[in-house]
Amino acid sequence: GVDVAVVEVGLGGRYDATNVLIPVAGAITSIDFDHERHLGSTLAAIAREKAGIAKRGVPLVVGEVGDEAWGAIDASARDAGAPVTRVTDGTTVEA
């Protein structure tokens with residue numbers, strides 16, 4: 001019996017096997033050039049793939065990412081119906 005699990009996406013998000021889970025929340029900590037062969041050659045393309053974890057009604061928290069990546073993530077989250085919060089230094093979260 002697992003009460004709580006933190007599950008990290010392996011590659012991207014949209015087609016990752018972990019995407020079958022229905023989480024309580026999702027997070028994208030950063031966006032950078034990685035796995036371009038599979039995710040795309042621009043930060044926006046990579047961000048769209050990673051934002052594939054967004055699910056209707058499931059909060060998505062996003063770390064400090066550049067404007068290009070933020071625009072793609074925000075649009076993807078809104079399309080999915082996920083409330084999205086951009087977290088920056090100085091942000092506090094209370095449970």
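The exercises below deal with the fold, the sheet and the largest pocket of a predicted model.

**Exercise 1. Describe the order of helices and strands along the protein chain, and explain why the chain counts as compact.**

Step 1. Count the elements: the protein chain holds three helices and three strands.

Step 2. Follow the sequence from its start, and the pattern reads β-α-α-β-α-β.

Step 3. Compare the radius of gyration with the globule rule. The radius is 13 Å and the rule gives 12 Å for 95 residues; these values are close, so the protein chain is as compact as a globular protein of that length.

Step 4. Add the dimensions: the C-alpha trace spans about 40 × 35 × 20 Å along its principal axes.

**Exercise 2. Work out how the strands are arranged in the sheet, and why β1 and β3 each have one side without a neighbour.**

Step 1. Write down the order. The sheet is open, has three strands in the order β1-β2-β3, and its pairing is parallel.

Step 2. Look at the edges. Strands β1 and β3 (84–86) stand there with a single partner strand each, so one side of each lacks a neighbour in the sheet.

Step 3. Note the twist, which averages 20 degrees from one strand to the next.

Step 4. Examine one pair. Strand β1 is joined to the parallel strand β2 (residues 60–62) by three bridges, and Ala-27 has Val-61 in β2 as its bridge partner.

Step 5. Place the helix. Helix α3 (residues 67–80) packs on the sheet and touches β1, β2 and β3, while its direction makes about 160 degrees with that of β3.

**Exercise 3. Characterise the largest pocket by its volume and its lining.**

Step 1. State the volume, about 900 Å³.

Step 2. Identify the lining. It consists of 33 residues, and those nearest the pocket centre are Val-7, Glu-8, Val-9, Ala-27 and Ile-53.

Step 3. Sort the lining by type: 20 residues are nonpolar, eight are polar and five are charged.

Step 4. Trace the lining back to the fold. Strand β1 (residues 26–28) supplies its largest share, three residues.

Notes:
Residues are numbered from 1 along each chain as its sequence is written. This is a predicted model: local features need pLDDT of at least 70, side-chain atom pairs count only at pLDDT 80 or more; totals for chains, interfaces and linings use all residues. Side-chain values use heavy atoms; hydrogens and water are left out. On a 1 Å grid over the protein atoms alone, a cavity is a set of points where a 1.4 Å probe fits but cannot get out, and a pocket is an open set with protein on both sides within 12 Å along at least five of seven lines; lining residues have an atom within 4 Å of a point. Grid points are joined across faces, edges and corners, and a volume is the space filled by probe spheres set on the points. Helices (H or I, at least four residues) and strands (E, at least two) are DSSP runs, numbered from the N terminus. Ala, Val, Leu, Ile, Met, Phe, Trp, Tyr, Cys and Pro count as nonpolar, Asp, Glu, Lys and Arg as charged, and the others, Gly among them, as polar. Two strands pair if DSSP finds at least two bridges between them. Axes are lines fitted to C-alpha atoms, for helices over the stretch in contact, and angles run from 0 to 180 degrees between N-to-C directions. Contact means heavy atoms within 4.5 Å. The radius of gyration is taken over C-alpha atoms; the globule rule is 2.2 Å times the number of residues to the power 0.38.
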